[in-house]
Amino acid sequence: MLVDARDAFADDTLDELVLRTKQGDQVAFAALYEQCHQRVYALCLRLLADQAHAEDACQEVFVQLWHKVSQFNGQSKFTTWLHSVTSNVAISYLRKQKNWLTKVVSFENSGMDEASISLCGDLNGLDKLILKLPERARLVFVLHAVEGYRHEEIATMLGMAVGSSKSQYHRAKKLLQEWYEND
Amino acid sequence: MTKPSFDEFLAKNVEQSDRPEHMPQPQKELWSGIERAINAESPTNASQSSQQNRVDVWRQATAIAASTLVGMCAVYFSMKPATQSPVMQMSNYFEQQKQTLLVQYGSQPALTHDWQVQLQELEQAEQAIKTVLENDPENAALLQMLAQVYQQQLDLINRVHQPRWQQI
């Protein structure tokens, strides 16, 4: 019950901050950032598997949030909407990073190496493994298993077939299981 | 104690992934960059905005030119018989892209003084990889490494001339 009460309190505060941010209150926006930046950064890192890119994308999310917060109509939880904005910004960030070079040679970016992962601070067991996944498998896994998107939605977001989304998910799961069991 | 099964591990970690104590944290302070970015766009900075608009128009124009160039190159390479090695194709594309950026930013001051030293180091890495590729021209890992070094050079040139928010 204590946890529920805390959650309810946190949501109330968040709603109030969102409302004040909508009115152009930068102090409220700073407080909103304080409350939410960690979850935004975490999602960016899981999707981008690059610390510097995740920090850039996290900033981009909040700059966009400042401009787009008026579009939040309260029909869903603010955090759900924020996750959706973050996913879209991170995916778009990833597309911008893919220049002609990666398109010409059509390589799939591999995940982070152990040394880079250790620089990301204190990560939980799954996050450590997610960051090692190859790009497409990682994106699909994070969006489906962690963020709860359906494969149809992921296919639209990532511009791939529904079947590809499903097969990338199974690929990711297989790799994660292999790494987990061999650890 | 026995290790939990993979499914148990997965379910537990996914459930925890939304809790702040289990979330990774940025290593840098990010707020000041965000604050500057949103304030830089406020109406009180009208003159800066108009100057920024001119820069943006220029950037858009160069971006369009660059993408046209990339498109033309793509058509050119798709129609041309594959007489060039992947390394040559990549190098030619890259050199064009790099020169375009250097010309574009030619008169613009850079944010750091040592960026040319950093660029030089990346060029040395490029040469080292190319040397190894001479003996193994189809090596996918080396080609990927070369592509990454090329990308890092372009990123460096862009980064030192186009401040990101945290650097404002």
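**Figure 1. The largest nonpolar core of the predicted model.** The largest nonpolar core contains 51 residues, in a model that is predicted. Within this core, the residues with the most contacts are A:Cys44, A:Leu48, A:Ala57 and A:Cys58. Two or more residues each come from α1 (2-22), α2, α3 (51-68), α4 (78-97), α7 (125-130), α8 (135-146) and α10 (162-182) of chain A. The most is given by α2(A), which contributes 12 residues. Domain 1 (10-100) and domain 2 (109-182) of chain A each provide at least three residues of this core.

**Figure 2. Surroundings of A:Leu48, and a separate core.** A:Leu48 is one of the residues with the most contacts inside the largest nonpolar core. Leaving aside residues up to four places away in sequence, A:Leu48 touches A:His53, A:Ala54 and A:Ala57, together with A:Ala90, A:Tyr93 and A:Leu94. Apart from the largest core lies another core, of nine residues. Among the members of this other core are B:Tyr93, B:Ile129, B:Ala147 and B:Tyr150.

**Figure 3. The kinked helix α2 of chain A.** Helix α2 of chain A comprises residues 26-48. A straight helix of 23 residues, at 1.5 Å a residue, would span 33 Å, whereas the end C-alpha atoms of α2(A) are only 28 Å apart. The helix has a kink of about 55 degrees, with its centre at A:Cys36. A:Ala49 follows α2(A) and has a positive phi, near 50 degrees. This kinked helix is also the element that gives the most to the largest nonpolar core, with 12 residues.

**Figure 4. The environment of A:His144.** A:His144 is located in helix α8 of chain A. Is this histidine, A:His144, buried or exposed? A:His144 counts as buried because 20 other C-beta atoms lie within 10 Å, and the cut-off for a buried residue is 20 or more. When residues up to four places away in sequence are not counted, the residues touched by A:His144 are A:Tyr149, A:His151, A:Ile154 and A:Tyr169. A:Ser165 is 21 residues from A:His144 in sequence, and the C-alpha atoms of the two are 9.2 Å apart in space.

**Figure 5. The contact between chains A and B.** In this view, 35 residues of chain A are in contact with 36 residues of chain B. On the side of chain A that touches chain B, at least two residues are supplied by each of α2, α3, α5 (100-105), α7, α8 and α10. By class, this side of chain A has 20 nonpolar residues, 10 polar residues and five charged residues.

**Figure 6. The two chains, each in outline.** Chain A has 10 helices and zero strands, and its elements run α-α-α-α-α-α-α-α-α-α from the N terminus on. Of the 183 residues in chain A, 37% are buried. Among contacts in chain A with a separation of 6 or more, 60% join residues 24 or more positions apart. Chain B has six helices and zero strands, following the pattern α-α-α-α-α-α along the sequence. Buried residues make up 14% of the 168 residues of chain B. For chain B, residues 24 or more positions apart account for 76% of the contacts with a separation of 6 or more.

Technical notes:
Residues numbered from 1 in each chain as written. Chains lettered and ligands numbered in written order. Predicted model: local features only at pLDDT ≥ 70, side-chain atom pairs only at ≥ 80, totals over all residues. Helix = DSSP H or I, 4+ residues; strand = E, 2+ residues; numbered from the N terminus. Expected span 1.5 Å × (residues − 1). Bend = angle between axes of the 7 residues up to and from the residue. Core = buried A, V, L, I, M, F, W, Y, C linked by C-beta atoms within 7 Å. Buried ≥ 20, exposed ≤ 12 C-beta atoms within 10 Å, placed from the backbone. Domains from an automatic or database assignment. Contact = placed C-beta atoms within 7 Å. Nonpolar A, V, L, I, M, F, W, Y, C, P; charged D, E, K, R; others polar.
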